Amino acid sequence: MFYAGLEGSVRLGEVLESIRVRVHSMMLADSAGGVLAGDRQKIHHIDRYIMEHLSENISMVSIAQHLYLNPSYFSRHFKKMTGINFTDYVHQFKMKIAIEMLRDKSITVEMLAAKLGYSDRTYFSKVFKKYNGVSPMDYKTSQGKQHARLCFSRAC
C-alpha cells in the first residue's frame, strides 16, 4: 500500500509527504509498546545466540558485541522491546530449560548448573528459586512424587 502510494506520486512534495506519514505511523507503532515483526526477529536471533552459548555465562556485553551494537544502546533497546532487562531474560530462558532437564532423574544439580553456564551450584540454586519459587532439589523431588502418584493411579 505504501509503495503503491509512492508510485502514484508525481511531485517530490507528494513523495516526501508519503514517506513522512509512513515514518510517523512506524514511530507510533513502536512507541505503542507492542512487539513489532522486526523486534520478534531480533528476539529470535537473541534466543538462538543464547541456545548456541547455553553453557557459557552470557553477558549483555557479549551479545551486544555479537550484534555489533553498543552495550548501552543494546540494553535500552532490549528493555524497550521486551519490558525486562537482558540479564533477567537470560535467567528466565535458562530456567525454562532447567525445568525440562530436571525431569531427567539421572542429572545432578551440579551437572545442570554447569550445562547452563553457572559455575557455582549455589548461585544456580538461588536463581532457580527466584524464578520458580522452589529450589532445584525440591522441584526434582516434587516431580518424582507427582510421577509416583500418577503411576499409582494409572497402574504404570
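The following paragraphs describe the fold, nonpolar core, aromatic pairs, largest pocket and selected residues of a predicted model.

The chain comprises 9 helices and 0 strands, and the order of its elements, read from the N terminus, is accordingly α-α-α-α-α-α-α-α-α. Of the 156 residues in the chain, 28% are buried. When contacts between residues at least 6 apart in sequence are considered, 50% of them join residues at least 24 apart. One such long separation in sequence is that of Asp47 and Phe93, which stand 46 residues apart along the chain while their C-alpha atoms are separated by 8.2 Å. Asp47 belongs to helix 3, and, once residues up to four places away in sequence are not counted, Asp47 touches Tyr89 and Phe93.

The largest nonpolar core contains 30 residues, and those with the most contacts inside this core are Ile46, Ile50, Phe86, Leu116, Phe124 and Phe128. Two or more residues are contributed to this core by each of helix 3 (37–52), helix 4 (60–66), helix 5 (71–82), helix 6, helix 7 (109–115) and helix 8 (121–132). Among these elements, helix 6 gives the most, with 9 residues.

Helix 6 spans residues 86–102 and includes Met101. Apart from neighbours within four places in sequence, Met101 is in contact with Ile107, Leu112, Lys115 and Leu116. For one of these partners, Lys115, the separation along the chain is 14 residues, and the distance between the C-alpha atoms of Met101 and Lys115 is 10.0 Å. Leu116, which is in contact with Met101, is also touched by Phe124, whose other partners beyond four places in sequence are Met95, Ala98, Val109, Leu112, Ala113, Tyr118 and Pro136.

The arrangement of the aromatic side chains was examined next. A pair of aromatic rings is described by the distance of the centres and the angle of the planes. The count comes to 8 aromatic pairs in the model. The ring centres of Phe74 and Phe86 are 5.3 Å apart and the planes meet at 75°, so this pair is classed as edge-to-face, the angle being over 60 degrees. This pair links distant parts of the chain, with Phe74 in helix 5 and Phe86 in helix 6, 12 residues apart. Both partners are buried under the cut-off of 20% relative accessible area, because the relative accessibility is 3% for Phe74 and 4% for Phe86.

A second aromatic pair, formed by Phe124 and Phe128, is tilted, with 6.1 Å from centre to centre and 45° between the planes. Because Phe124 and Phe128 are 4 residues apart in helix 8, about one helical turn separates them. Both residues are buried, and both belong to one aromatic cluster together with Tyr118, Tyr123 and Tyr139. Helix 8 also holds Ser125, which is counted as buried because its relative accessible area is 15%, under the cut-off of 20%. Leaving aside neighbours within four places in sequence, Ser125 is in contact with Val109 and Pro136, and these two residues are likewise among those touched by Phe124.

Attention then turned to the space left open by the protein atoms. The largest pocket has a volume of about 230 Å³. Its lining consists of 14 residues, of which Asn57, Ile58, His91, Tyr118 and Tyr123 are the closest to the centre of the pocket. By residue class, the lining divides into 6 nonpolar, 6 polar and 2 charged residues. Helix 6, which gives the most to the largest nonpolar core, also gives the most to the lining of the largest pocket, with 5 residues. Tyr118 and Tyr123, named among the lining residues closest to the pocket centre, are in addition members of the aromatic cluster that includes Phe124 and Phe128.

A backbone feature was noted at Tyr68, which has a positive phi of about 60° although this residue is not a glycine. Tyr68 is placed in the loop between helix 4 and helix 5. With a relative accessibility of 76%, over the cut-off of 50%, Tyr68 therefore counts as exposed, whereas Phe74, in helix 5, is buried at 3%.

How values were computed: Residues numbered from 1 in each chain as written. Predicted model: local features only at pLDDT ≥ 70, side-chain atom pairs only at ≥ 80, totals over all residues. Heavy atoms only, no water. Contact = heavy atoms within 4.5 Å. Core = buried A, V, L, I, M, F, W, Y, C linked by side-chain atoms within 4.5 Å. Buried < 20%, exposed > 50% of the residue type's maximum accessible area, 1.4 Å probe, protein only. 1 Å grid on protein atoms, 1.4 Å probe; cavity = no way out; pocket = protein on both sides within 12 Å on 5 of 7 lines; lining within 4 Å. Points joined across faces, edges and corners; volume = space filled by probe spheres on them. Nonpolar A, V, L, I, M, F, W, Y, C, P; charged D, E, K, R; others polar. Phe/Tyr/Trp six-rings, centres within 6.5 Å; stacked < 30°, edge-to-face > 60°.
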